[in-house]
Number of protein chains: 2
Amino acid sequence: MAGKPPVDFYFDFSSPYGYIASTRIDEIAERNGRTVKWRPILLGVVFKTTGAGPLPSQPLKGDYSLHDFARSARFWGVPYALPKPFPFNAVQPSRVFYWLDGRDPALAKRFARAALHAAFPGQQDITSAEACAGIAAQLGVTREDVLAAVNDPAVKEKLRAEVESAIKRGVFGSPYIVVDGEPFWGADRLDQVERWIKSGGW
Amino acid sequence: MAGKPPVDFYFDFSSPYGYIASTRIDEIAERNGRTVKWRPILLGVVFKTTGAGPLPSQPLKGDYSLHDFARSARFWGVPYALPKPFPFNAVQPSRVFYWLDGRDPALAKRFARAALHAAFPGQQDITSAEACAGIAAQLGVTREDVLAAVNDPAVKEKLRAEVESAIKRGVFGSPYIVVDGEPFWGADRLDQVERWIKSGGW
């Protein structure tokens, strides 16, 4: 498997199914000799392209989805609570992620895990730069550097470009996982993702 | 398990994920000592309530879903082809189903399986009363009785009432499976359906 490109894992920090998948995707890839590249996106921007809206705002499907988030998390043994607020604006954690990713991808992933853990089981508001700086500080990142980074035009542009690139690639939801060009949408496609990694198709 | 009510299996004859689930749901229930009540619905009527539309007409998600229908069918080992036309109007096969269901539920289920098989791997147009009568005839049902049934006001009313009852219950997609009051949406929830049947929750 050496030399194969990473599996692309697109997610919105505010997406419960993205959070659930985030707790499983690296283990699935790694036990099959692959790595995972995390790529936060902003579903609000994506939905402007697709005309779709967040699940919880849709009649009938909305109530069901709130129920299914929690039930699916329990099914997979993932600690979960609905964030407050929900859905939330993921611009700041996404900027922090891409800023860190340019310096230390492993640290960026640790930040993302910590932010998702704070938002989901923790029900902490991670929408502000200050909240993100507090999470990053626990990983040894200087608070002031985080607060400067989220206002850095280059970091803002990096996130904008990543989201645009995702949309051009056809990403329309969270999680959205691409294995060697093959796209999979949804935390409920991880079994298929694993089989695709193993076999290159079926 | 004796005495427990059947698992309710809502589906639209035109739904690929409904078709995929139809090939697995009875086996899942029966190996856990339960039976399944099939309940065809009309997604076109349901979507008027939810404001949603058929997956294939949605930007980005549409192309993905056509790909995912076929890939998921292969994943589960289910013979599959996209029906022609697609999506199609399921009024007539649904009427035939409920007419037969009032006389012989097992026969109604055999008819539904045969109609789905004709539409999906077979790519036969099952939208007309004549096509449905041909399918029913192979199961020993008199063609003329089928052609009369689909125009029987009581049969029409039965389908209308079933769809209305489903909407009132919160059914918004296909397949939609209810186990002892617990709703599951999607062919990708059958693992959860089975665990719920086994354990009554988690």
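# A chat about the sheet, the loops and the interface

Student: What order do the strands of the open sheet in chain B have?
Tutor: The order is S2-S1-S3-S4, four strands with mixed pairing. Strands here are DSSP runs of E with at least two residues, helices are runs of H or I with at least four, and both are numbered from the N terminus. Two strands pair if DSSP finds at least two bridges between them.

Student: What sort of model is this, and how are things numbered?
Tutor: It is a predicted model, where local features need pLDDT of at least 70 and side-chain atom pairs count only at pLDDT 80 or more, while totals for chains, interfaces and linings use all residues. Residues are numbered from 1 along each chain as its sequence is written, chains are lettered from A and ligands numbered from 1 in the order written, and side-chain values use heavy atoms, leaving out hydrogens and water.

Student: Back to the sheet. Which strands are at the edges?
Tutor: Strand S2 (36-40) and strand S4 (182-185) of chain B. Each pairs on one side only. From one strand to the next, the twist averages 20 degrees.

Student: How many bridges join S3 to S4 in chain B?
Tutor: There are 4 bridges, and the two strands run antiparallel. S3 covers residues 176-179. Tyr176(B) has Trp185(B) in S4(B) as its bridge partner.

Student: Which helix packs on that sheet?
Tutor: Helix H4 (residues 61-76) of chain A. H4 touches S3 and S4 of chain B; contact means heavy atoms within 4.5 Å. The direction of H4 makes about 95 degrees with that of S4(B). Such angles run from 0 to 180 degrees between N-to-C directions, with axes fitted to C-alpha atoms, for helices over the stretch in contact.

Student: New topic. Where are the cis peptide bonds in chain A?
Tutor: One joins Lys84(A) and Pro85(A), with omega about -5 degrees. Pro85(A) sits in the loop between H4 and helix H5 (91-101). Another joins Ser174(A) and Pro175(A), again with omega about -5 degrees. Pro175(A) lies in the loop between helix H9 (153-169) and strand S3 (176-179) of chain A. Most peptide bonds are trans.

Student: What is the phi of Gln123(A)?
Tutor: It is positive, about 55 degrees, although Gln123(A) is not a glycine. Gln123(A) is in the loop between helix H6 (105-119) and helix H7 (129-137). Gln123(A) is partly exposed, with a relative accessible area of 31%. Buried means under 20%, exposed over 50%, and partly exposed in between (1.4 Å probe, protein chains only).

Student: And where is Asp180(A)?
Tutor: In the loop between S3 and strand S4 (182-185) of chain A. Its phi is positive too, near 50 degrees. Asp180(A) is partly exposed, at 40%.

Student: Now the interface. How many residues does the contact take from each chain?
Tutor: It takes 30 residues from chain A and 30 residues from chain B. The chains bury about 2900 Å² between them, 56% of it on carbon and sulfur atoms. That is the accessible area (1.4 Å probe) lost on being put together, summed over both parts. Leu60(A), Tyr64(A) and Phe75(A) supply 23% of the area that chain A buries against chain B, more than any other three residues.

Student: How many salt bridges are there between chain A and chain B?
Tutor: The count is 6. A salt bridge is a side-chain nitrogen of Lys or Arg within 4 Å of a carboxyl oxygen of Asp or Glu. Glu182(A) forms one with Arg71(B), the closest N and O atoms being 2.8 Å apart.

Student: Which element gives the most to chain A's side?
Tutor: H4(A), with 8 residues.

Notes
Buried area = accessible area lost by both parts, 1.4 Å probe.
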